[in-house]
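Trainee: I have a new structure open and I'm not sure how to read it. Could you walk me through its features?

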Amino acid sequence: MQLDSKVPSGPIEQAWDRARFDMKLVNPANKRKYSVIVVGSGLAGASAAATLAELGYSVKCLCFQGSPRRAHSIAAQGGINAAKNYQNDGDSVYRLFYDTVKGGDFRSREANVYRLAHISTAIIDQCTAQGVPFAREYGGTLSNRSFGGAQVSRTFYARGQTGQQLLLGAYQALERQVHVGGVTMLANTEMLDLVVIDGRARGIVTRNLLTGTIESHVADAVVLATGGYGNVYYLSTNAKGSNCTAIWRAHKKGAAFANPCFTQIHPTCIPVSGDYQSKLTLMSESLRNDGRIWVPIKAGDKRPPDQIPESERDYYLERRYPSFGNLVPRDVASRNAKAVCDDGRGVGESGLGVYLDFADSIHRLGRQAIVERYGNLFEMYERITGEDPYKFPMRIYPAIHYTMGGLWVDYQLMSTIPGLFVIGEANFSDHGANRLGASALMQGLSDGYFVIPYTLGNYLANTKLEKLEATHGNFRASEAAVTAMTERLLAINGNRTVASFHRELGKIMWDYCGMSRTAAGLETAIQKIRRLKDEFWRNVKVAGGPEGLNQSLESAGRLADFFELAELMCIDARDRNESCGGHFREEFQTPEGEALRDDEHYSYVAAWEYAANGAAPVLNREPLEFRYVHPSQRSYK
Amino acid sequence: MNLTLHVWRQNSASDKGRMVRYEARDVNPDMSFLEMLDVVNEELILKGDNPIAFDHDCREGVCGSCGFMINGVAHGPSHGTAVCQLHMRHYKDGDVLFLEPWRARAFPVVKDLYVDRKALDRIIAAGGYISVSTGSAPDGNAILVPKDKSDRAMDAAACIGCGACVAACPNASAALFTGAKISHLGLLPQGQPERRQRALSMVAQAAAEGFGHCTNIGECEAVCPKEIKLEVIARMNRDFLKASWTSRQKPLAGSDG
């Protein structure tokens, strides 16, 4: 497989302008003749579908939820970065670019990151104009706050519901296009296969989740905006329905999967409380602005927090990283939390938790200021745990939150299948081995509003596509394959539920491919995953039939894909003999316990090619060049 | 604790439906309500029965997917809480709970507790936006928004579109939902150019979908998981009346998208 990143030559500052100028345009009158399918309606999908329709393309957008407004971008809390420098604190496009490349531990593609930083400012303008109610200063200007991994204040926010407000902005733009007929919206519809004809993505096969009908949709290009695959761990901060099915089935049709082992563990989540637990809840990282993280100095100290005097507390992030303190990047904060808990100093019943304490801030700023900044988060915490965080410190623990890996894309956001574009969390492109806080929303909207509308047009203008009908043999074959898989799942009629398999898979992944990994552990994980997958196909019990709403069937199909992806994640993690960002291999660390990269051997994107019939996946390498931000050992001390 | 559940089971929109009794045993007080139902469903699946269908996704109270009536109250007894964030510590051993879907003509039942709420999307499509195509925005700080207006807009914008307001209303009115969007956008300077048109179109669409009218009962505010205030309905009425009296505009034709 040839990987051509199509990064424009010349100075990085002008790369995007040059790339845009070099693009072929589609005549405005011809745009309506082109059909585009956008799968997913989160920030990336909704913004792409709306913008493509505004330009005049005929767009079909689908989501598995009952409404596009329910996509999981809605749950993002903290904020969105942009290099506006409204605070006059030294920010710039170059600094955002630099912070993101460094935060990603030098495993991202420089040109893509620069473009992201460059576009960031236009996103804020667009969203503000749409009526997104960002936080304001008394003079009416936009307000900012700080976030992990940065020393400038560049994060725009709408209380603790930034994702919700940005998504509603994109959703409303999308509904406006639905109203004028530019977008056909298919909610409660799940993509089950990608159809490739003459080497190009030409459509998809879907299941209507309310009726069970299998349908084919022909298009001139397909855009996947289906989010991340954190639910491979069962317990994550993702929504219950978030899944890898669309990207995994596209992978099986020839799209390379890049850096699957790069997953992000978010340091501030509410700890697990029992076996029945169905998901984890994140507490926005913005809390680290005003909360101080600590554990008792003595292992096994079970006194309540208010009875542990100041001198017997270890504010371990402030101690180890005096310049960034509680605002170190997520991977660093998470690993440190795990380390103190492994030392037996964790708090709470399970011992898997650390304190996030607001007492100092409440004392310094007053309770009202804290209510204004984090009121809804405090309420959420109290609702879930039954404890009042104004009185007792919160207990937090890391949890799976985001996946930096995803389908490989070039600078145009096109996968290794021509005509298949991948945007937002579903692609691998911008965050390297670790994503900085408030950058996911930025990337989703950058891809959707400002990149894909150009690059997709360029593809269409340069490509001669034959007219097709859904009766084409490849569509028929995909429909048959999808139907056969459904029948097979329903016919097993074994003794274990889908959720019980999923929980077990999640435990394997968390234990062996989670916050820290070893070659031996990953080997064990691969064997365990294979055995469990075998058992799944022999012993799962799926309720109901193929017709109508069947949530048991939906989750079974998604889990079948998670099994295969889980194995690839472990293979990738085992193959990458270094530690970088969220990928921490115990064998490779500095004497101080920080991630130790191996730039000589691993400064590349690992793009895996699917091999049918159980053969080992094929590794393709895209070498990474750092011409602007020179790789160094990340230091937040 | 052990609970008795009476759950509305209905196979499809055309099926008649009935209440069925289930026992939920060994319920942990730290479970969420949906996790309790997950456990009941696991048992049903293993017994070869159909699990109880209910919509859900984020389980953090923000996607708006979940929601059903618990003992006649939308989202159950906790104030300002969606059912996914309702925890079992609010119940005690021996409690008997009746679970029913949202009931409104505009929300057809898909299965059991799962209803179709696409009518709410069509209300938004009728005018719940600011028409600004990508690329045509001025600098963010070129639009000054007084903080108090921005805060009030945010209060209204917090709506998650769950439909509890409709389910609680004796008229099955979507006034709180519609008013929340009209208020959010109407409070902001960016929303002024389309303010009248928006009110006319959205109100007309809500009526066309079969939602009832508001008669100021206030059940909606009482059950709203985001505590949206009745004030948004007053604002909607004001914009609608003003537009009806003074504007040349007509509601835009409803879409069936």
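Mentor: Sure, we'll go from the overall fold to the chains, the domains, a few helices and some loop residues. Keep in mind that this is a predicted model.

Trainee: Let's start with the whole of chain A. How many helices and strands are there in chain A?

Mentor: Chain A has 16 helices and 21 strands. To judge how such a chain is packed, compare its radius of gyration with the value from the globule rule. For the 637 residues of chain A the rule gives 26 Å, and the model's value of 24 Å is close to that, so chain A is as compact as a globular protein of that length. Its C-alpha trace spans about 75 × 60 × 50 Å along the principal axes.

Trainee: And what share of the residues of chain A count as buried?

Mentor: That would be 60% of the 637 residues. You can also ask how far along the sequence the contacts reach. Take the contacts in chain A between residues at least 6 apart in sequence: 74% of them join residues at least 24 apart.

Trainee: Now the second chain. How many residues of chain B are in contact with chain A?

Mentor: On the chain B side there are 68 residues, and they meet 64 residues of chain A. Next, see which elements supply them. In chain B, those giving two or more residues are α1 (33-46), β6 (109-111), α2 (118-125), α3 (147-157) and α5 (175-186). The largest share comes from α1(B), with seven residues. By class, this side of chain B has 30 nonpolar, 22 polar and 16 charged residues.

Trainee: Which domains is chain A divided into?

Mentor: The assignment gives domain 1 (266-401) and domain 2 (491-599). Their centres, taken over C-alpha atoms, are 28 Å apart. Six residues from domain 1 and five residues from domain 2 take part in the contact between them. On the domain 1 side, helix α8 (residues 330-342) of chain A gives the largest share, five residues. That side has two nonpolar, one polar and three charged residues.

Trainee: What about chain B: which domains does its assignment give?

Mentor: There you have domain 1 (3-111) and domain 2 (118-246), with 29 Å between their centres over C-alpha atoms. The contact takes 18 residues from domain 1 of chain B and 16 residues from domain 2 of chain B. The domain 1 side divides into ten nonpolar, six polar and two charged residues.

Trainee: On to helices. Where does α11(A) bend?

Mentor: Begin with its length. Helix α11 (residues 440-462) of chain A has 23 residues and reaches 31 Å from its first C-alpha to its last, close to the expected 33 Å. Then follow the axis: α11(A) bends by about 55° at A:Val451, and A:Pro453, a proline, follows within four residues. Finally, check the cover: 19 of the 23 residues of α11(A) are buried.

Trainee: Is helix α6 of chain A mostly covered or mostly exposed?

Mentor: Mostly covered: seven of the eight residues in α6 (residues 245-252) are buried. Among them are A:Thr245, A:Trp248, A:Arg249 and A:His251. Just after α6(A), A:Gly254 takes a positive phi of about 120°.

Trainee: How should I read a positive phi?

Mentor: Most residues other than glycine have a negative phi, so a positive one deserves a look. Here A:Asp105 has a phi near 55°; it sits in the loop between α3 (93-103) and α4 (110-130) of chain A. A:Arg159 has a phi near 45°, and its place is in the loop between β4 (155-156) and α5 (162-180) of chain A.

Trainee: Why does A:Asp105 count as buried?

Mentor: Count the neighbours: 20 or more other C-beta atoms within 10 Å make a residue buried. A:Asp105 counts as buried because it has 25 C-beta neighbours inside 10 Å. A:Arg159 is buried too, with 24.

Trainee: One more loop residue, please. Which residues is A:His72 in contact with, leaving aside its neighbours within four places in sequence?

Mentor: Its contacts are A:Gly42, A:Gly227, A:Asn238, A:Ala239, A:Ser242 and, from chain B, B:Cys58. A:His72 lies in the loop between β2 (58-62) and β3 (80-81) of chain A, and with 27 C-beta neighbours inside 10 Å, A:His72 counts as buried.

How values were computed
Residues numbered from 1 in each chain as written. Chains lettered and ligands numbered in written order. Predicted model: local features only at pLDDT ≥ 70, side-chain atom pairs only at ≥ 80, totals over all residues. Expected span 1.5 Å × (residues − 1). Bend = angle between axes of the 7 residues up to and from the residue. Buried ≥ 20, exposed ≤ 12 C-beta atoms within 10 Å, placed from the backbone. Rg over C-alpha atoms; globule rule 2.2 N^0.38 Å. Contact = placed C-beta atoms within 7 Å. Nonpolar A, V, L, I, M, F, W, Y, C, P; charged D, E, K, R; others polar. Domains from an automatic or database assignment.
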